[in-house]
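Biologist: I am new to reading structures and would love a close look at one part of this one. Could you pick a sheet and walk me through how its strands are arranged and what packs on it?

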Amino acid sequence: MLNRIGHTSKPTAAALAILERARRIVREVDMLMSDVHIDSLSGSLRIGAISTALTGILPSALLLLHEQAPEVKPQIIPGTSSTLYDALSRELIDVAIIVQPPFEIPKRFRWQLLQREPLMLVSSKPLEQDVNATLMSEPYISYDPNSWGGRLAEQYLTDHHLAPNQLLELDGIEAISLLVKGKMGVSLLPQWTGLASLSDELVLTSVKGDYDRHVILIARSHALKDQLMQLLINTLAR
């Protein structure tokens, strides 16, 4: 079901039409292979993960997963929360570690809260004034308000009627942390696990109110065996 064009081949329209079904069949066969092992978990596992999970909770969880289920073969797919949610919906991945969406999660998914990350004012030196005054007097590095995590920082600014002098806008909070460390400005960021490695060089100041970023594990309802889903929850929540 290929069309030959010169020295290359491209799939026909008919081949593209059955591609998603073929992927689903391959995945079902893989799950059947896993079901053969009644006393152990096995098979491939496509895990989507946001960048802060890749440098935070995921590495140690993968070690525990390997120790407890060595026949499970994880494949890690990085991405943003929205792109990974889309990939999960399209059955391109099996499970994802993402920021909780700003909408109700459909019943076709099952999910579990992994972490609550409080919003912090991140600076390179101790504050000489309160949080809001600091935001208005220092260059501000914005956590992209279009991202699911960044909307919480933007909500804080809106709720407190603040319009800081924005230096730049980024979606990567690791990069923002390094810029703050380099004394380029201040930012509002969730207290993600990786911040601990920079704690000697950054000052974290809590903000008032409920602006926590919720990091969740989410999967299609029937994509994973219950034992594997629970094992993932247990290893990631440690």
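Modeller: Happy to; what follows goes through one sheet strand by strand and then turns to a helix that packs on it. Please keep in mind that this is a predicted model.

Let's begin with the overall layout. The sheet is open and built from five strands, and reading across it you meet them in the order β4-β3-β5-β12-β6. Their pairing is mixed. At the edges you find β4 (71-78) and β6 (109-117); each has a single partner strand, so one side of each has no neighbour in the sheet. From one strand to the next, the twist averages 20°.

Now step inward, to β3 (residues 42-49) and β5 (residues 95-99). These two strands run parallel and are joined by three bridges. If you would like a pair to find on your screen, try Ile-47, whose bridge partner in β5 is Val-95.

On to β12, which pairs with β5 through five bridges, this time with the strands running antiparallel. Here you can look for Val-99, which stands opposite Val-215 in β12. Strand β12 covers residues 213-220 and is mostly covered: of its eight residues, seven are buried. Strand β12 also pairs with β6, again in the antiparallel sense, over eight bridges. A good pair to look up there is Leu-113 and its bridge partner in β12, Ile-216.

With the strands in place, we can add the helix. Helix α4 packs on the sheet and touches β3, β4 and β5. The direction of α4 makes about 165° with that of β4.

Helix α4 (residues 58-68) also has a helix to meet, namely α9 (residues 226-236). Their axes come within 8 Å and cross at roughly 135°. An angle over 145° would count as roughly antiparallel, and 65° to 115° as roughly perpendicular; α4 and α9 are therefore oblique to each other. The crossing in which α4 passes α9 is right-handed.

Which residues make this contact? From α4 come Leu-58, Ala-61, Leu-64, Leu-65 and Gln-68, and they meet Leu-228, Leu-231, Leu-232, Thr-235 and Leu-236 of α9. Sorted by type, the residues of this contact are eight nonpolar and two polar, with no charged ones.

So, to retrace the route on your own screen, start at edge strand β4, cross the sheet through β3, β5 and β12 to β6, then go to α4, which packs on the sheet, and finish where α4 meets α9.

Notes: Residues numbered from 1 in each chain as written. Predicted model: local features only at pLDDT ≥ 70, side-chain atom pairs only at ≥ 80, totals over all residues. Heavy atoms only, no water. Axes fitted to C-alpha atoms, helices over the stretch in contact; angles between N-to-C directions. Helix = DSSP H or I, 4+ residues; strand = E, 2+ residues; numbered from the N terminus. Parallel < 35°, antiparallel > 145°, perpendicular 65-115°, else oblique. Left-handed = near helix turned anticlockwise from the far one by under 90°. Contact = heavy atoms within 4.5 Å. Nonpolar A, V, L, I, M, F, W, Y, C, P; charged D, E, K, R; others polar. Pairing = 2+ DSSP bridges. Buried < 20%, exposed > 50% of the residue type's maximum accessible area, 1.4 Å probe, protein only.
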